[in-house]
Amino acid sequence: MQKAILFFIIGTVGSFMLNFYYFGSQGWLLDLYYGAAFGLGWGLSYFVDHPEWPLSKKLGISFIGIGLLVTIGLILFDFVLAVPAIIKFSTVFVAYYLIASFKESKSLRQ
(Lines give C-alpha, C1' and ligand atoms only; values in the text may rest on other atoms or scores of the structure.)
Protein backbone atom coordinates (compact mmCIF):
# COMPACT_ATOMS: atom_id res chain seq x y z
CA MET A 1 0.00 0.00 0.00
CA GLN A 2 2.83 2.39 0.84
CA LYS A 3 4.50 1.87 -2.55
CA ALA A 4 1.17 2.43 -4.32
CA ILE A 5 0.78 5.75 -2.50
CA LEU A 6 4.38 6.61 -3.36
CA PHE A 7 3.72 5.84 -7.04
CA PHE A 8 0.61 8.04 -6.89
CA ILE A 9 2.52 10.97 -5.38
CA ILE A 10 5.53 10.69 -7.69
CA GLY A 11 3.32 10.26 -10.77
CA THR A 12 1.13 13.19 -9.80
CA VAL A 13 4.00 15.57 -9.05
CA GLY A 14 6.00 14.52 -12.10
CA SER A 15 3.07 14.83 -14.47
CA PHE A 16 1.97 18.13 -12.95
CA MET A 17 5.45 19.58 -13.33
CA LEU A 18 5.66 18.48 -16.97
CA ASN A 19 2.20 19.83 -17.80
CA PHE A 20 2.63 23.09 -15.88
CA TYR A 21 6.18 24.02 -16.88
CA TYR A 22 6.94 22.21 -20.12
CA PHE A 23 3.81 21.47 -22.15
CA GLY A 24 2.07 24.77 -21.45
CA SER A 25 -0.29 25.24 -18.59
CA GLN A 26 -4.05 25.23 -18.96
CA GLY A 27 -4.36 26.46 -15.40
CA TRP A 28 -2.79 24.95 -12.33
CA LEU A 29 -5.98 23.24 -11.16
CA LEU A 30 -6.51 21.45 -14.48
CA ASP A 31 -2.82 20.52 -14.64
CA LEU A 32 -3.05 19.13 -11.11
CA TYR A 33 -6.18 17.16 -12.05
CA TYR A 34 -4.44 15.64 -15.09
CA GLY A 35 -1.37 14.94 -12.99
CA ALA A 36 -3.51 13.21 -10.37
CA ALA A 37 -5.08 11.07 -13.11
CA PHE A 38 -1.60 10.00 -14.22
CA GLY A 39 -0.49 9.31 -10.65
CA LEU A 40 -3.70 7.46 -9.84
CA GLY A 41 -3.15 5.26 -12.87
CA TRP A 42 0.32 4.23 -11.68
CA GLY A 43 -0.69 3.91 -8.04
CA LEU A 44 -3.80 1.84 -8.68
CA SER A 45 -2.14 -0.38 -11.24
CA TYR A 46 0.61 -1.17 -8.74
CA PHE A 47 -1.98 -1.67 -5.98
CA VAL A 48 -3.99 -4.25 -7.96
CA ASP A 49 -0.88 -6.04 -9.24
CA HIS A 50 -1.52 -9.21 -7.26
CA PRO A 51 -1.34 -12.35 -9.42
CA GLU A 52 -3.68 -14.18 -7.03
CA TRP A 53 -6.46 -11.57 -7.34
CA PRO A 54 -9.18 -12.37 -9.89
CA LEU A 55 -9.51 -10.12 -12.92
CA SER A 56 -12.96 -9.01 -11.81
CA LYS A 57 -11.54 -7.54 -8.61
CA LYS A 58 -8.79 -5.72 -10.51
CA LEU A 59 -11.28 -4.32 -13.03
CA GLY A 60 -13.67 -3.29 -10.28
CA ILE A 61 -10.99 -1.30 -8.49
CA SER A 62 -9.90 0.33 -11.75
CA PHE A 63 -13.51 1.31 -12.52
CA ILE A 64 -13.75 2.87 -9.06
CA GLY A 65 -10.69 4.95 -9.99
CA ILE A 66 -12.31 6.00 -13.26
CA GLY A 67 -15.54 6.85 -11.44
CA LEU A 68 -13.61 8.97 -8.97
CA LEU A 69 -11.89 10.83 -11.80
CA VAL A 70 -15.18 11.44 -13.62
CA THR A 71 -16.90 12.66 -10.46
CA ILE A 72 -14.11 15.08 -9.57
CA GLY A 73 -13.84 16.20 -13.20
CA LEU A 74 -17.55 16.95 -13.44
CA ILE A 75 -17.53 18.83 -10.14
CA LEU A 76 -14.51 21.00 -10.94
CA PHE A 77 -14.71 21.20 -14.74
CA ASP A 78 -16.98 20.03 -17.52
CA PHE A 79 -17.18 16.69 -19.28
CA VAL A 80 -14.93 17.76 -22.15
CA LEU A 81 -12.07 18.53 -19.74
CA ALA A 82 -12.68 15.37 -17.68
CA VAL A 83 -12.31 12.97 -20.61
CA PRO A 84 -8.52 13.47 -21.12
CA ALA A 85 -7.96 12.49 -17.48
CA ILE A 86 -9.77 9.20 -18.06
CA ILE A 87 -7.67 8.60 -21.16
CA LYS A 88 -4.44 9.33 -19.23
CA PHE A 89 -5.51 6.98 -16.43
CA SER A 90 -6.43 4.18 -18.83
CA THR A 91 -3.26 4.59 -20.88
CA VAL A 92 -1.05 4.38 -17.81
CA PHE A 93 -3.00 1.39 -16.50
CA VAL A 94 -2.57 -0.48 -19.78
CA ALA A 95 1.10 0.53 -20.06
CA TYR A 96 1.81 -0.86 -16.60
CA TYR A 97 0.38 -4.26 -17.51
CA LEU A 98 2.05 -4.21 -20.93
CA ILE A 99 5.42 -3.76 -19.22
CA ALA A 100 4.52 -6.45 -16.68
CA SER A 101 3.60 -8.88 -19.45
CA PHE A 102 7.25 -9.07 -20.50
CA LYS A 103 8.20 -10.54 -17.15
CA GLU A 104 7.80 -14.24 -16.57
CA SER A 105 5.78 -13.64 -13.39
CA LYS A 106 3.48 -11.18 -15.23
CA SER A 107 3.85 -8.82 -12.28
CA LEU A 108 6.10 -5.85 -11.57
CA ARG A 109 5.87 -6.45 -7.82
CA GLN A 110 8.23 -9.41 -7.84
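Where does Met 1 lie relative to helix H1 (2-22)? In this predicted model, Met 1 is found in the segment before that helix. Met 1 is exposed, its relative accessible area being 61%. Together with Ile 5, Phe 8, Ile 9, Val 13, Met 17 and Tyr 21, Met 1 makes a nonpolar surface patch of about 710 Å².

Helix H1 also carries buried residues, among them Gly 11, Thr 12 and Asn 19. Gly 11 lies in helix H1 and has a relative accessibility of 9%. Because buried means under 20% relative accessible area, Gly 11 counts as buried at that value. Leaving aside residues up to four places away in sequence, Gly 11 touches Gly 35, Phe 38 and Gly 39. By contrast with these contacts, Leu 81 is 70 residues from Gly 11 along the chain, and the two C-alpha atoms are separated by 20 Å.

Thr 12, likewise a residue of helix H1, is buried with a relative accessible area of 9%. With residues up to four places away in sequence not counted, the contacts of Thr 12 are Leu 32, Gly 35, Ala 36 and Gly 39. Gly 35 and Gly 39 thus appear in the contact list of Gly 11 and in that of Thr 12.

Further along helix H1 is Asn 19, which is buried at 10% relative accessibility. On the same basis of excluding residues up to four places away in sequence, Asn 19 touches Gly 24, Ser 25, Asp 31, Tyr 34, Gly 35 and Lys 88. The C-alpha atom of Asn 19 is separated by 8.5 Å from that of Leu 32, a residue 13 places away along the chain.

The largest nonpolar core holds 17 residues, of which Tyr 33, Leu 44, Leu 69 and Phe 89 touch the most other members. Helices H2, H3 and H4 are the elements that give two or more residues to this core. H2 supplies the largest share, six residues. One of the highly connected members, Leu 69, touches Tyr 33, Ala 37, Leu 40, Ala 85 and Phe 89, again without counting residues up to four places away in sequence. The contacts of Leu 69 therefore include Tyr 33 and Phe 89, and both are also among the core members that touch the most others.

Helix H4 covers residues 79-101, a run of 23 residues. At 1.5 Å a residue, this helix should span 33 Å, and the distance between its end C-alpha atoms is 33 Å, so the two values agree. The buried residues in H4 are Ala 82, Ala 85, Ile 86, Phe 89, Val 92, Phe 93, Tyr 96 and Ala 100. Helix H2 (28-47) and helix H3 (55-76) are included in what covers these buried residues of H4. Two of the buried H4 residues, Ala 85 and Phe 89, are contacts of Leu 69.

Is Val 94, which is found in helix H4, buried or exposed? Val 94 has a relative accessible area of 57% and is exposed, as the threshold for that class is over 50%. Val 94 and Trp 42 are 52 residues apart in sequence, and their C-alpha atoms are 9.8 Å apart in space.

Definitions and conventions
Residues are numbered from 1 along each chain as its sequence is written. This is a predicted model: local features need pLDDT of at least 70, side-chain atom pairs count only at pLDDT 80 or more; totals for chains, interfaces and linings use all residues. Side-chain values use heavy atoms; hydrogens and water are left out. Patches are made of residues with over 30% relative accessible area and no salt bridge: like charges are joined within 9 Å, nonpolar side chains (Val, Leu, Ile, Met, Phe, Trp, Tyr) within 5 Å. Accessible areas come from the Shrake-Rupley method with a 1.4 Å probe; for residues, only the protein chains shown count as cover. A salt bridge is a side-chain nitrogen of Lys or Arg within 4 Å of a carboxyl oxygen of Asp or Glu. Helices (H or I, at least four residues) and strands (E, at least two) are DSSP runs, numbered from the N terminus. Buried means under 20% relative accessible area, exposed over 50%, partly exposed in between (1.4 Å probe, protein chains only). Contact means heavy atoms within 4.5 Å. The expected span of a helix is 1.5 Å times one less than its number of residues. A nonpolar core is a set of buried Ala, Val, Leu, Ile, Met, Phe, Trp, Tyr and Cys residues joined through side-chain atoms within 4.5 Å.
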